[in-house]
Amino acid sequence: MPRTTLCLAMLTAAMSGCASRPVGAPPGTEVPLPWGAVDPATAEPAGGSSDDTVLTLAGSGSLIAYGAGVLCGWTEAGTRPEFRTVAASSTSGLIATYAFLGPEYDTQLHELVTGINTLDVYRQLGLVSSMTTGAINGSGPLRDLVERIVDENLLDEVATQHARGRRLFIGTMNVDNGTEVIWDMGAIASSRRPDRLERYRDVVVAASSLPIIMPPVYIPVEMEVLSNEEVSADQPADGTEDPAPAPEPRMEEYWQMHVDGATLEPVLLSRFMLRRSAGGRLYVLLSVDFDRRVAYPTPVRASVREISWAVISANAKAGLIRDVSRAYVLANLDDIEFRVAAIPSGFEDVPRLQIFDPDSMQELFQGGFDHAAAGAQWRSIPPGVSVEEILDEMRRDRAATMSEPVE
């Protein structure tokens, strides 16, 4: 076969097929949550003696350097609280563990966001590889990065804080059923299961895997199913024989496809994470440049890769505006003080999400550090929306709450 014909045949096969994946649950099956995930409907708020404060981190790509800078500058100012709960979505999941463990990990936090480049996070794939992996980039470098920063000792530190009543949550999206999954990272770290380290790393990688841009992460879930044994063909139909034994239940392992949870909820915050109390505070730290109207100073190139990044960036910003407003409403419903911070308009050279350049990330980190050290980064009203819009949403939420039937 001529080389040209062979290449065309391979390309046609790749384009007509789909990426291979582990076995998923049969259609229509009610699959339980994987171990380590929580059900928001039954989850309880964190306890312990920490300050009644909640921190939720949001933002993708290289922009997380700003959030890391704010955390370290907050330490420098001497006003950073010990958060009772820390939650994170998207690439912010990379820095969430350090944020949770506190100022003792500021050095590692700084080194993480300023010491990596694009090749430490992903590598571009060729056309055929993209067609067979479900993404335009490979996540091998990201997996290697997570394995370097997340080890058994780090999990032991997380487990210690979990035992004190503090909580760390990271969100992913289960692509198979289109739902958000909230992972209790402290419970995973505290587990005696031999796969606790693998599960913790899988969640961090999945949370950082933008769909199409990065391959999904497959996470196993065990469920009990009945065997498919049928009644013997020679059994009389009149019932004179003893009935066939009931099918024996057995455990089966299926695999769920997980990607960045910010696809559904850019700001990870569920009602169970908030605890009504006097003096409670909710901090929403956004590694996003809300005030910039044009995210790309130059026209987007006509390529799948560049268009994908541009569309994802625009959708992420729109979703963040919606979710920050929702967080504001939830905080006010529970009489919790609301604070939000985002990349201010003074930054002229905010890098694109997909460009991990150490120099640019150092500038972002330093900007966040300086703002936090000066105590000037927090706002009491969400950016991108008017107060009237927020008040209208609060009224609708209160009206809906009051109209719910009492059981």
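**Close-up views of a predicted model**

**View 1. Ser191, a buried loop residue.** With a relative accessibility of 17%, Ser191 counts as buried, because the cut-off for burial is under 20%. As in every view here, the model is predicted. Ser191 belongs to the loop between α8 (185–190) and α9. Which residues does Ser191 touch, not counting those up to four places away in sequence? They are Trp35 and Arg196. Ala159 is also worth finding in this view: Ser191 and Ala159 are 32 residues apart in sequence, and their C-alpha atoms are 8.4 Å apart in space.

**View 2. Asp202 in helix α9.** Follow the chain into helix α9 (residues 196–207) and you will find Asp202. Is this aspartate buried or exposed? At 7% relative accessibility, Asp202 counts as buried. Leaving aside neighbours within four places in sequence, Asp202 is in contact with Arg143, Val217 and Ile219. Another residue to locate here is Glu147, which is 55 residues from Asp202 along the chain. The C-alpha atoms of Asp202 and Glu147 are separated by 9.8 Å.

**View 3. Helix α4 against helix α11.** Two packed helices are described by the angle between their axes and the distance between the axes. For α4 (residues 106–114) and α11 (residues 358–373), the axes come within 8 Å and cross at roughly 135°. That angle makes α4 oblique to α11. On the α4 side, His110, Val113 and Thr114 make the contact; on the α11 side, Pro358, Met361, Gln362 and Phe365 do so. Sorted by class, the contact has 4 nonpolar residues, 3 polar residues and no charged ones.

**View 4. The buried residues of helix α4.** Staying with α4, we can ask which of its residues are buried. They are Asp106, Leu109, Leu112, Val113 and Thr114. An α-helix has 3.6 residues a turn, so residues three or four places apart point the same way. The cover over the buried residues of α4 includes α2, α3 (93–101), α6 (140–149) and α11. Val113 and Thr114 are therefore worth a second look, as they are buried and also take part in the contact with α11.

**View 5. An aromatic cluster around two tryptophans.** The structure holds 9 aromatic pairs, and one of them joins Trp74 to Trp378. The pair is tilted, with 4.9 Å from centre to centre and 50° between the planes. Trp74 lies in helix α2 (residues 64–77) and Trp378 in the loop between α11 and α12 (387–403), so the pair ties together parts that are 304 residues apart in sequence. Both Trp74 and Trp378 are buried. Ring pairs extend the picture to a cluster that links Trp74, Phe83, Tyr283 and Trp378.

**View 6. A charge over a ring.** Here the residues to find are Arg166 and Phe100. The charged end of Arg166 sits over the ring of Phe100, 4.3 Å from the centre of that ring.

**View 7. Positive phi at Ser90 and Asp335.** This pair of views shows two residues other than glycine with a positive phi: near 60° for Ser90 and near 55° for Asp335. Ser90 lies in the loop between β3 (83–88) and α3, while Asp335 lies in the loop between α10 (304–333) and β11 (337–341). Which of them is buried, and which is exposed? Ser90 is buried, with a relative accessible area of 1%. Asp335, at 55% relative accessibility, counts as exposed, because the cut-off for exposure is over 50%.

**View 8. Thr42, an exposed loop residue.** Thr42 sits in the loop between β1 (37–38) and β2 (51–58). Its relative accessible area is 58%, so Thr42 is exposed. Phe272 is 230 residues away from Thr42 along the chain, with 8.3 Å between their C-alpha atoms.

**View 9. Stepping back to the whole chain.** To place these close-ups, note that the protein chain has 12 helices and 11 strands. Of its 407 residues, 48% count as buried. Among contacts in the chain with a separation of 6 or more, 82% are between residues 24 or more positions apart.

How values were computed: Residues are numbered from 1 along each chain as its sequence is written. This is a predicted model: local features need pLDDT of at least 70, side-chain atom pairs count only at pLDDT 80 or more; totals for chains, interfaces and linings use all residues. Side-chain values use heavy atoms; hydrogens and water are left out. Axes are lines fitted to C-alpha atoms, for helices over the stretch in contact, and angles run from 0 to 180 degrees between N-to-C directions. Helices (H or I, at least four residues) and strands (E, at least two) are DSSP runs, numbered from the N terminus. Angles under 35 degrees count as roughly parallel, over 145 as roughly antiparallel, 65 to 115 as roughly perpendicular and the rest as oblique. Contact means heavy atoms within 4.5 Å. Ala, Val, Leu, Ile, Met, Phe, Trp, Tyr, Cys and Pro count as nonpolar, Asp, Glu, Lys and Arg as charged, and the others, Gly among them, as polar. Rings of Phe, Tyr and Trp (its six-membered ring) pair if their centres lie within 6.5 Å; planes under 30 degrees apart count as stacked, over 60 as edge-to-face and the rest as tilted. Buried means under 20% relative accessible area, exposed over 50%, partly exposed in between (1.4 Å probe, protein chains only). A charge sits over a ring if NZ of Lys or CZ of Arg is within 6 Å of the ring centre and within 35 degrees of the ring normal.
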